[in-house]
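Trainee: I would like a close look at one part of this model, the surroundings of a bound ligand. Please take me through them step by step, then on to other parts worth a look.

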Amino acid sequence: MQSFINQKNGVFPSVCSLDCPDQCGLLVHKKDGKIVKVEGDPRHPVTKGHICNKVRNMTARIYDSRRLRFPLKRVGPKEKGKFERITWDEAIKTITDRWKALIEMDGPESILPYSFYGNMGRLNAEGMDRRFFHRMGASRLDRTICQSAGAAGYRYTMGGNIGVDPEDTIHAKLIILWGINAVSTNMHQIALAQQARKNGARIITIDVHKNKTGRFADWFIPILPGTDGALALGIMHVLFAENMVDQPFLDKYTVGQKELRKHVIQYDPATVSAMTGVPEKDIYQLARTYGQTSPSFIRIGNGPQHHDNGGMCIRAISCLPALTGQWLVKGGGAIKGNASFTAPDTDALQRPDLLRNKKTRVINMNLLGEALLKAQNPPIQSLFIYGTNPAIVAPNSNKVRRGLLREDLFTVVHDLFLTETAAYADIVLPATSSFENLDLYTSYWHLYLQIQQPVIERYGESKSNVEVFRLLAKGMGFDDEALKDSEEDMIRQALGSRKNPHLKDIKFASLMKNQYAKAGSKPLFPGKLPTPSGKIELYSKSMEDAGYPPLPAYLPIVKDSNLPFLFVPGPTHHFLNSTFSNNEKHMSMEKMPKLHLNRKDASKLGIQNGEKARIWNNRGECELVVAVDDSVLPGVAVSQGLWGDKAGTKQLVNSLTPDRLSDMGGGASLFSGRVAIEKAAIIYNHKI
Ligand SMILES: Nc1nc2c(c(=O)[nH]1)N[C@H]1C(S)=C(S)[C@@H](COP(=O)(O)OP(=O)(O)OC[C@H]3O[C@@H](n4cnc5c(=O)[nH]c(N)nc54)[C@H](O)[C@@H]3O)O[C@H]1N2
Ligand SMILES: Nc1nc2c(c(=O)[nH]1)N[C@H]1C(S)=C(S)[C@@H](COP(=O)(O)OP(=O)(O)OC[C@H]3O[C@@H](n4cnc5c(=O)[nH]c(N)nc54)[C@H](O)[C@@H]3O)O[C@H]1N2
Ligand code: SF4
Ligand SMILES: [Mo]
């Protein structure tokens, strides 16, 4: 295998490993064996050499002096973050001795892996780790924090994580960015939209916050949080009532159109306006624009599904292109995600066959606090946390932290930094950056796969996730061959099967040579969908069987208190979830965590622009600098960014978010919590 590591100088192809739909092709510049610059690879067919500012400034993160170099053990109380250097041998022995004892005492389910996609590499995010924990029989984790509610709602309608090829969206004449802050979170969709706009496309954004994407749009439609399902039903009402539906498409490719036609009569624009805060005339105009423009494309974002009713909401939105027959038009249709096209053979990669007890318990990651604090059988006695920072990102984080504080809980954290979560660990293991590993990358938006070949030496004594789990397997005495496989073996296995017909032409050798390859795709229609009926299920029998309304419906979010504001704390431009929230450069670009309030609300509360507000509910409290503007509707408070909580700050937004599960997929209802707001006791005056 060619290695870029040995070449001290030069420019090398690479992949962005972050949890971002764009999955950019990168070029890494090396001088004297070190990365000196990261830029976009112009050869990547979708990302075309353009990358975000976050990753342009990645070098500082790779060589940050605070990056972990050695394994550590805790020497002070939990949360205080006092550690001492130990060897890898000691670390692995401490962990495996403890795990062997726990398994003896309470069984392997007393151990819980807790991970997410801090590194999207297939091997490191969900490869050797899965094999290891399957073999052990540890509790399984349901990884639900990101988009599982929306994915479930979309799957009931369309059968899988499938949409149109984003490269086709340049042909659209209407683009609706629905609950996606794409300027910050999917910048290449914006580049494609800009191309479409040059050819006359109109861009509409539907959001609770007029952020960068709202400002980019030709028409910004503000909506009340958690009410998008009603808006989608209102659009359907007008499409049917004014005969703007594509009858031949409905006849041929859908089930349940008659029932739906009848069902949406109740969602007339006046009724929907009262539910959504969108004026009646705008609902008519939106529906008519959508019904009369072709090709029309909807990019469905993550925002609307981070609510109690998120699954049903995405289901409702995803019915729209079926009504207008836009799936048949090049440049039309929708994308919620495209992960099913690029998915390698996960059984070969993750080896669920190694799990002997098929009834091994499953714990929803959104309920981490609950799982740690409430009596369980067996109790969770040990956590292994990697590729995620739950002390910051998990809902109801005060509860999560109370759980992490448990003296009897044996916690291991594997990360590049001593994160807020690592402060609660007994053992901390240093992780390599993705530039130090061989891995396979598959985008969940565009249709390309990429290879990351190691570009630089491992930093200090750091090890990749794959290496750590190989070592742990050895320490546990597991001698299955699957736990000894090399990275190359694993990639070959992941690409080897013919389960995903879209990958049939993609081979390890050609991927190594060419750096990227496109999953074979053809338009979804004409064709059979992976739903039970093979068609778009406007009426879903599976939903009925699962106890849901079979037709798209609007159920308001839970009113979890009588507090006056809905609090929507989403991600921000210069961080990637909590990643970069500890980097000086990114923090200075982001300036400070803010709270956007409507002018009317701010005036009622007596808060001026730039003053600090105290925001609280029964879960926690925060203090954020208020931006008084008209970017949100009255009654809505928006904050962006998952900031760390350095001593003396109160900016942990997830201390306020609910850990209720959404209607489907066990998703997070991060944006459905209510809060109270008042002027902070100490008057700050910030220039914002
Ligand atoms: N710069 C940057 N890029 C990122 C990330 C990041 O942290 N920073 N995170 C990555 C990850 S993991 C993900 S999942 C994606 C997420 O990226 P997006 O899909 O853009 O999702 P969010 O930013 O969570 O929310 C999108 C928008 O939904 C709005 N919103 C909230 N509630 C509602 C609602 O009820 N209705 C409507 N219509 N809008 C609502 C928010 O104001 C926000 O503008 O981005 C990825 N890319
Ligand atoms: N309030 C609020 N909360 C949210 C969201 C929101 O919009 N609002 N968004 C939610 C969503 S959509 C998501 S996806 C989650 C994301 O939350 P997380 O998955 O926790 O994402 P990050 O905060 O980026 O943390 C990733 C961690 O992985 C580490 N890491 C990176 N590469 C590797 C590696 O190769 N190995 C190991 N061991 N570690 C590595 C990084 O250093 C970092 O500490 O947050 C959720 N939480
Ligand atoms: S974070 Fe997203 S936009 Fe930025 S370089 Fe990575 S994949 Fe590209
Ligand atoms: Mo996410």
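Mentor: Start with the make-up of the site. The shell around ligand 1 has 14 nonpolar, 14 polar and 4 charged residues. Keep in mind that this is a predicted model.

Next, the residues themselves. The surroundings of ligand 1 comprise 32 residues. Of these, D207, G226, D228, F575 and N577 come nearest.

Now the polar contacts. A polar atom in the side chain of D207 sits 2.6 Å from an oxygen atom of ligand 1. T185 also contributes through its side chain: an N or O atom there is 2.8 Å from an oxygen atom of ligand 1. H573 uses its backbone instead. One of its backbone N or O atoms lies 3.1 Å from a nitrogen atom of ligand 1.

How much of the ligand is covered? Ligand 1 taken alone exposes 900 Å². The protein buries 94% of that. Two elements give two or more residues each to the shell around ligand 1: helix α7 (182–185) and strand β9 (202–207).

D228, one of the residues that come nearest to ligand 1, leads on to a helix. Helix α10 covers residues 228–241, 14 residues in total. From its first C-alpha to its last, α10 reaches 20 Å, close to the 20 Å expected at 1.5 Å a residue. Of the 14 residues of α10, 13 are buried, so the helix is largely enclosed by the rest of the structure. Just after α10, N243 takes a positive phi of about 55°.

Compare a second site. Ligand 3 is surrounded by C16, C20, D22, Q23, C24, I51, C52, K54, V55 and M187. By class, that shell has 7 nonpolar, 1 polar and 2 charged residues.

One last stop, a loop residue. T360 lies in the loop between α18 (346–350) and β14 (362–364). Its relative accessibility is 3%, so T360 counts as buried; the cut-off is under 20%. A polar atom of the T360 side chain is 2.5 Å from the backbone oxygen of N357. Leaving aside neighbours within four places in sequence, T360 is in contact with E109, G137, A138, S139, R140 and L355.

To recap the main site: the protein buries 94% of the 900 Å² that ligand 1 exposes when taken alone. The side chains of D207 and T185 each place a polar atom by an oxygen atom of the ligand, and H573 adds a backbone atom by a nitrogen atom.

Note on methods: Residues are numbered from 1 along each chain as its sequence is written. Chains are lettered from A and ligands numbered from 1 in the order in which they are written. This is a predicted model: local features need pLDDT of at least 70, side-chain atom pairs count only at pLDDT 80 or more; totals for chains, interfaces and linings use all residues. Side-chain values use heavy atoms; hydrogens and water are left out. Helices (H or I, at least four residues) and strands (E, at least two) are DSSP runs, numbered from the N terminus. The expected span of a helix is 1.5 Å times one less than its number of residues. Buried means under 20% relative accessible area, exposed over 50%, partly exposed in between (1.4 Å probe, protein chains only). A residue is near a molecule or strand if one of its heavy atoms lies within 4 Å of it. Ala, Val, Leu, Ile, Met, Phe, Trp, Tyr, Cys and Pro count as nonpolar, Asp, Glu, Lys and Arg as charged, and the others, Gly among them, as polar. A polar contact is a pair of N or O atoms within 3.5 Å; within protein, one must be able to donate a hydrogen and the other to accept it, and residues adjacent in sequence count only if both atoms are side-chain atoms. Accessible areas come from the Shrake-Rupley method with a 1.4 Å probe; for residues, only the protein chains shown count as cover. Contact means heavy atoms within 4.5 Å.
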